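Please look through the model below before reading on. The text then goes from the overall fold to the core.

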Amino acid sequence: MKFQEFRTVLTEAAKVGREYQHLEDLVFVDGSAGANEAADILEKLGTDSSDVAIKWDGNPTIYWGREPNGEFVLVGKNGWGRNKSTSADDLSNFIKSSGKGEEWREKFGNDMAGVFNVMEAATPQDFRGYVYGDLLYHPGKPFSATDGKIQFTPNLVTYTVDTKGPLGERIANSKVGVVVHTKFDEWGSKSGAPIKDVTELNSNDAVVLGQTYVPHQPKVDTKEVDNIRKTAQASSQAIDTFLQGTKGLSNPGQIIYTYMNHMTRTQQIDKIEQGFFDWLKTSKVSQGQQAKLAEMNESNPKALPAMFGLIKTIMSVKDHIIDQLDDADTDVKATTAGEKGGEGYVALGSKTKLVPRTRWQPN
């Protein structure tokens, strides 16, 4: 099998992660080719960060837009493709009647009714299609303004914006803030396209942001990038053979993906090289697959250490980039639990996430 054919088979078999991968996860998504791809991305980021944008930590997710006949629709994530709310009351009643009667639904339903009215007024009558994004602030969870600074905490990250800047001035006079990711042509569609210009969706009451690009150009240590390539080359056969799997275990990469997320949530990401088989014992991976992983590791003992070593090196270079971007003088400053930095950044061209997993724990 030729190398390119192998890479295609490996990628199709893995189907690991989401549309935007963690940069370091490319190692077990695409094997040694993924490690080299990560090195290429890191090298580019050291000279051109023009496609790097803030990864906003907004909440909740909303979909809104207009039907072919111009009727306005706004729903939450669980309503997309299911419940077409065409009025503030429709949306509020859907939220309040869903679930198991949780107490928070009453207030949340009323809050989202207010969002509905603001976004309906802001969306042009001739707009067609839908967009989805994450709320940053709204009347039910408003921003605060003190000492020339605006702050809002939609989820885990607190954002601080200078009121003297253009964005701060817009926010100060608005009621709803939302960051948009994608546009869909049809209701309930699962395939959308990135939206570049959101100007028409804005109003005095609604601040709708598209991609917020970083203004700072970080530096990257090319020696570390070269080391990634050298390690990937030296370990390519071991890594790629392991990720091919075996009969009864076709997707080892998916198991490693689950392991990485567990180690991130439990703040043990710095121990990934030692914890894999201990985690397996308490995981939901079947006993049969655990046995196969042990056999694969015994017959190919260099694969897992090489993969986890590459992951840690890529994370180290990536985290250095994140630190530089977090320290840069920008209009928007992010903090998490009082510490510098937010959820990280996205490299749009490569569809990769630059998330500081050593300090960022997802919900």
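What follows describes the chain as a whole, then its core and one helix.

This is a predicted model, in which local features need pLDDT of at least 70, side-chain atom pairs count only at pLDDT 80 or more, and totals for chains, interfaces and linings use all residues. Residues are numbered from 1 along each chain as its sequence is written, and side-chain values use heavy atoms, without hydrogens and water.

The mean pLDDT (the predictor's confidence in each residue, from 0 to 100) is 92 for the chain, and 94% of its residues reach 70 or more. Over residues 1–14, pLDDT stays under 50.

The chain has ten helices and 15 strands, which are DSSP runs (H or I, at least four residues, for helices; E, at least two, for strands), numbered from the N terminus. Its C-alpha atoms fill a box of roughly 65 × 45 × 35 Å along the principal axes. Of the 363 residues, 49% are buried, meaning under 20% relative accessible area with a 1.4 Å probe, protein chains only.

The largest nonpolar core (buried Ala, Val, Leu, Ile, Met, Phe, Trp, Tyr and Cys residues joined through side-chain atoms within 4.5 Å) has 69 residues, and Trp-56 and Phe-152 are among those with the most contacts inside it. Helix H10 (residues 303–327) gives the largest share of this core, 13 residues. Apart from this core lies another, of 25 residues, including Phe-72 and Val-208.

Where does H10 stand, mostly covered or not? H10 is mostly covered, with 18 of its 25 residues buried.

Conventions
Buried means under 20% relative accessible area, exposed over 50%, partly exposed in between (1.4 Å probe, protein chains only). Contact means heavy atoms within 4.5 Å.
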